[in-house]
Amino acid sequence: MLIEDNATLRLGDTLVHLIFMSDGTHLSNFAGDKKEWPVYMTIGNLTSKIRQIPSAHTNFMVALLPILIKNRNIPQKRLDEQWQTNQEVLNEVLRQGLQPLTFEQNPNAESRYYNVLCADGNFRRCKPVVAARLADCPEYSDLHYLKRHVCFWCECPKNELRDYVPSDKQYPRRNHNLYRMLSDANTKAADAELSSCHVHQGFNVFRHILCIVSDLLNPDLLHTMQIGMLDHLQQWIFYFMKTHERLDKYNSIWLSVPAYHDLTPKIKSYEEVSQWNGKEMKKMSRYLLGVVTQSLRGGSPAQRPIFNRAIECTRALLEFYMYAQYKSHDDATLSYMEDALHRFHTFKDVFLLGQAGQKAKAKANALRTELVKKRKVGEKTHAESWTPSKKRCEMNTWWDYICHEINVSKELDADFNFLKIHLMCHWVEQIHRYGALQQYSAERHEKAHKMNLKDGCNASNHNLNYLPQVITFQRRILCFEIRELNLQALAQRRENSAAAYKVLPSGADLAAPLASQSYAKPEFMGPQNCHDGKHPDAMIKDFRALLDNTEDTTHRMGIYCGTREFMKHKSRNKTYISDEQPHAVELCIYHGIKVQVEGLDGERISQMCRCTGSQSWRGGDRRND
């Protein structure tokens, strides 16, 4: 994320990176077909691991955008007027929500700073900036005044989306500041230039925010890959298997995939499932290549090269998706991604017939109807002269001819010119600039729909004025859950403080061990009970005296908590380790102790810690560990 006026930042200022997420959702199919379009907000100052935890409550619903009216069977002029009205209403709602961030409402740089009370009890001078906007492709087009089916990162021509574009040879990036100036000019030349860039003319609130608008859009694994390209790949494979008479074998191998870990056994074939969600597609990507490879085993010498190209295309797309899920990248993994994308574009033509769109299918069906009529006319003309065997032979010839013509028609009209296949060309560049793609996944705000909207809708009375009930329900539940988290944190803090300052009753014998206590003796590194004069005897102290001699409160709590956990780890019966026991044990102070730490690979290894002070350790250098 880049801001344009970073020169106004001072030492000690804090940038608050705002991340907005939006996606439409169904609330009910049997109570008026209710739909909502929520907008969630989080901050990029939190780590992506915390932002992805639903119970952390890091995503807040800040607005509900109006659902655009869709009128059909009306003249095109009225459709254009209705679209313009919908966009004006949408921009007005966004303008009111983003008003503190627009430079028109806050021309002074100092007016965009706020004194914010943080969780540690200190006030900080914070500046909020819009860092990212997560949505699916149609919402990107509507929110940024772009025409449908065009790239929102670059100015790629609409008829060249199918082509492979290397990461170092991209088209020019979109300049939304230029679009704002052309829209404000409102001239024929400006309108023509906007139309050539596939941009609508009019006011757009995102062009008036102090940020680079083209950098707000981030890759989305859910909409682009899981329910996008992987869904397309499944449809292509299904049509390919059906064309080469391998569908039955494909379904039998699909249903025979065993259950393992989080994979459930299959009870339905692919075509029997009406809709696949992102989680199912994510699991399917782990075994799809094996199913396709086994389904295409064998075949004639003429089919073998075609089958190999289909397997290579499937492998290349799945490899690209697997590399895109990495949580960290280097030059090697990015080169693997680029190579997998290049191989996918090389072999994708093998699935061309499966990519026939609605227009291509309608044209092929019309051609089928026309050819069937010609066949019936020829059948009536030669009905008396044809013998039954001749008629059967002619019918088979006609059927082969019709199938051939339909395939040729689909192949001529089918293409891969759609948006999501082009968006993958930008992913390597986006990873170079912003890091791994997992932090921008839309799976988190898809889960937030249930907590923020659907539970409240189910608890409402489903009348026309149900939204205030949903918002009140969501706010109440959120307040209770945040209050519960605060109480848990406060109780843990008090428990640690009370344990560090706990005082035993008067008259208690600190030196005598209790009968019900089991002492977990540490594993010392230095010599023990050695009276040769070279090593002094160990100093004997009780643990409470050691805590009293430690002035720093943080160190005192750390010593207590660490010692207690160590005793629990070494004790055979951990239930006997009570809060009072560390105060009553005798503490032998030696020069070294052996503890277990976590290695680089996650394994537990023993580490020697020693405190030599001014003395050398076994003839080595003087050091303090």
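This passage walks through the predicted model of the chain, from its overall make-up to a few helices and single residues.

Taken as a whole, the chain folds into 20 helices and 10 strands. Of its 625 residues, 37% count as buried. Among contacts with a separation of 6 or more, 68% come from residues 24 or more positions apart. About 36,000 Å² of the chain is exposed, and carbon and sulfur atoms supply 53% of that area.

Confidence varies along the chain. The average pLDDT is 77, and 76% of the residues score at least 70. Residues 1-5 fall below 50, and this stretch has 19 contacts in the model beyond near neighbours in sequence. Residues 526-538 also stay under 50, with 12 contacts beyond four places in sequence. Where pLDDT is low, the predicted coordinates should not be read in detail.

Helix H11 makes a good place to start. It covers residues 331-347, and its 17 residues reach 25 Å from first C-alpha to last, close to the 24 Å expected at 1.5 Å a residue. At the start of H11, a side-chain oxygen of Asp330 comes to within 3.2 Å of the backbone nitrogen of Ala332. The buried residues of H11 are a mixed bunch: Thr333, Leu334, Met337, Glu338, Ala340, Leu341, Arg343, Phe344, His345 and Phe347. Their cover includes helix H6 (221-243), helix H10 (304-324), helix H14 (419-423) and helix H15 (427-434).

Helix H9 (residues 288-295) buries Leu288, Val291, Val292 and Ser295. Seen down the axis of H9, these buried residues fall within an arc of 95°, so they line one face of the helix. That pattern fits a general rule: an α-helix has 3.6 residues a turn, so residues three or four places apart point the same way. What do the buried residues of H9 pack against? Their partners are H6, helix H7 (247-255), helix H8 (278-284) and H10. H6 and H10 thus turn up again, having already been listed among the cover of H11.

A closer look at H6 brings in Gln226, which sits in that helix. Is Gln226 buried or exposed? Its relative accessibility is 2%, so Gln226 counts as buried, the cut-off for that label being under 20%. The side chain of Gln226 makes a polar contact of 3.1 Å with the side chain of Tyr321. Beyond its neighbours within four places in sequence, Gln226 is in contact with Leu221, Asp231, Gly278, Lys279, Met281, Lys282, Tyr321 and Glu443.

Another glutamine, Gln325, lies in the loop between H10 and H11. With a relative accessibility of 16%, Gln325 also counts as buried. Leaving out residues up to four places away in sequence, Gln325 touches Leu221, Lys282 and Gln438. Leu221 and Lys282 are also on the contact list of Gln226.

Elsewhere in the chain, Glu92 is found in helix H2 (residues 76-97). At 33% relative accessibility, Glu92 counts as partly exposed. The side chains of Glu92 and Arg95 are joined by a polar contact of 2.7 Å. How many residues separate Glu92 and Asn204 in sequence? The two are 112 residues apart along the chain, while in space their C-alpha atoms are 9.2 Å apart.

How values were computed:
Residues are numbered from 1 along each chain as its sequence is written. This is a predicted model: local features need pLDDT of at least 70, side-chain atom pairs count only at pLDDT 80 or more; totals for chains, interfaces and linings use all residues. Side-chain values use heavy atoms; hydrogens and water are left out. Helices (H or I, at least four residues) and strands (E, at least two) are DSSP runs, numbered from the N terminus. Buried means under 20% relative accessible area, exposed over 50%, partly exposed in between (1.4 Å probe, protein chains only). Contact means heavy atoms within 4.5 Å. Accessible areas come from the Shrake-Rupley method with a 1.4 Å probe; for residues, only the protein chains shown count as cover. pLDDT is the predictor's confidence in each residue, from 0 to 100. The expected span of a helix is 1.5 Å times one less than its number of residues. A polar contact is a pair of N or O atoms within 3.5 Å; within protein, one must be able to donate a hydrogen and the other to accept it, and residues adjacent in sequence count only if both atoms are side-chain atoms. The arc is that of the directions from the helix axis to the C-beta atoms.
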